[in-house]
Amino acid sequence: MASNAVEETAFGGRYTLPPVEIITDSPAEIRRKQERVRALAKERNAVLLAHHYQRPEVQEVADAVADSLKLSQAAAKTDADVIVFCGVHFMAETAAILLPEKIVLLPDLRAGCSLAASITPEELRKWKAKMPDAVVVAYINTSAAVKAESDYCCTSANAAKVVAAIPADRPILFLPDKFLASVAARQANRGNIVAYPGYCHVHKMIRPEQVTEIMEEHPDIELLLHPECGCVSSCMAKAVDGTLPADRTFFLSTEGMLRHIGTSTSTEFAVGTELGILHQLNKKFPEKTFHPVNPDAICAFMKTITLDKVIASLETLTPRITVPEEIARKAKRSIDRMLELA
Ligand code: SF4
């Protein structure tokens, strides 16, 4: 992969991490709130879409729980009047772009994303000006304004597929996740990808030494790593040189992890991603054991969405997410190209 064309900067200054609220509701109170959510959803003809990193009680009340790609597809197909996005801002924007006539709600506007904050449309325009012949591939974790400046959108589930669909002689500017860029480049066997130096502050914390430690503690388990993890470049190299078992090391989106575990004969897995995924894993595969590679990998943005916030959002039909028409029209091109390839 070509070296970075943009110097790494302190992206941390661009966002404020909200505090993670500790919920002390009793199981009966959680059930009562979930019933209220369902009743309101019916009244409003609303569909609730939840990401795998949401709180368990929010996942349990949702109509669909999935990764960004599947949630975009679910949003594109819904006939509900209202979409409640239990996820983060760029996901709600994607739904608003695909379905401008619907009411798209994000129950807490603090639900941002450090990765999406890594790049602004102005920065992208400057970057493109340096390589005008390049094709721009934007990870779905970007603002609508950045997607509008891009040729293709992708998710962690289909990044390699999108990259592979671009003619081999065209250089690619891949943004904003430098770790996903390295996985996509290797999986698609592309040498002409220039990666933007962005990252997710949660996945960056999943470090090579934690992988080494967990593999030493459980030498026979399978290792499942999300491509946004800070350890992916080192782990890809180690899987090649034999330091990690190549046949038991996988780089997968959250949806890919669920699929893989369902077909694997292994019963124990090290999981490198945000902890919210463990709810679905333990629910779907109670006979299997999962160890988080980093037990502190918690996304404060995702955890802003609580049952109380979902109830308030459905009661008031706020906060509503909209995207200016011109930006939405341009951003939709890159999202549609991705969905065509999905
Ligand atoms: S886990 Fe990272 S990429 Fe995902 S929403 Fe949180 S900050 Fe963004």
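1. Let's start with a pair of helices. In this predicted model, α4 and α15 are roughly perpendicular to each other. The reasoning is simple: α4 (residues 89–98) and α15 (residues 325–341) pack at an angle of about 100°, and angles of 65 to 115 degrees count as roughly perpendicular. Their axes are 9 Å apart.

2. Which residues of α4 and α15 meet? On the α4 side look for T94, I97 and L98, and on the α15 side for A328, A331, K332 and I335. Sorted by class, this contact of α4 with α15 has 5 nonpolar residues, 1 polar and 1 charged.

3. Now try a second helix pair, α8 (residues 178–187) and α11 (residues 232–241). These helices pack at about 30°, with axes 9 Å apart. Angles under 35 degrees count as roughly parallel, and α8 and α11 are therefore roughly parallel to each other. From α8, the contact takes F179, S182, V183 and R186; from α11, V232, S233 and M236. By class, that gives 4 nonpolar, 2 polar and 1 charged residues for the contact of α8 with α11.

4. Next, have a look at strand β7 (residues 172–175). Its side chains alternate: I172 and F174 point one way, L173 and L175 point the other way, and all are buried.

5. What does β7 pair with? One partner is β5 (residues 135–139), which runs parallel to β7 and is joined to it by 4 bridges. Another is β8 (residues 193–195), and here the pairing is also in the parallel sense, over 3 bridges. You can check this residue by residue: V137 has F174 as its bridge partner in β7, while L173 stands opposite V194 in β8.

6. F174 deserves a second visit. The largest nonpolar core has 109 residues, and F85 and F174 touch the most other members. The largest share of this core, 7 residues, comes from α4, the helix that packs against α15. Leaving aside neighbours within four places in sequence, F174 is in contact with V137, A181, A184, I193, V194, A195 and Y196. So you'll find V137, the bridge partner of F174, in that list too.

7. Just past β7, go to P176, in the loop between β7 and α8. Is P176 buried or exposed? P176 has 28 C-beta neighbours inside 10 Å, and that is why it counts as buried; the cut-off is 20 or more. Not counting residues up to four places away in sequence, P176 touches L115, S118, I119, Y139, T142, Y196 and G198. For a distance to try yourself, take the C-alpha atoms of P176 and V146: these residues are 30 apart along the chain, and the atoms are separated by 9.9 Å.

8. Finally, there is an open sheet to trace. It is formed by 4 strands in the order β10-β9-β11-β12, with parallel pairing. Which strands sit at the edges? They are β10 (249–251) and β12 (289–292), each pairing on one side only. Neighbouring strands of this sheet are turned by 25° against each other on average, direction ignored. Within the sheet, β11 (residues 268–272) and β12 run parallel and are joined by 4 bridges. To find your way from β11 to β12, use F269, whose bridge partner in β12 is F290.

Note on methods: Residues are numbered from 1 along each chain as its sequence is written. This is a predicted model: local features need pLDDT of at least 70, side-chain atom pairs count only at pLDDT 80 or more; totals for chains, interfaces and linings use all residues. Axes are lines fitted to C-alpha atoms, for helices over the stretch in contact, and angles run from 0 to 180 degrees between N-to-C directions. Helices (H or I, at least four residues) and strands (E, at least two) are DSSP runs, numbered from the N terminus. Angles under 35 degrees count as roughly parallel, over 145 as roughly antiparallel, 65 to 115 as roughly perpendicular and the rest as oblique. Two residues are in contact if their C-beta atoms, placed from the backbone, lie within 7 Å. Ala, Val, Leu, Ile, Met, Phe, Trp, Tyr, Cys and Pro count as nonpolar, Asp, Glu, Lys and Arg as charged, and the others, Gly among them, as polar. Two strands pair if DSSP finds at least two bridges between them. A nonpolar core is a set of buried Ala, Val, Leu, Ile, Met, Phe, Trp, Tyr and Cys residues joined through C-beta atoms within 7 Å. A residue is buried if 20 or more other C-beta atoms lie within 10 Å of its own, exposed if 12 or fewer, and partly exposed in between; C-beta atoms are placed from the backbone.
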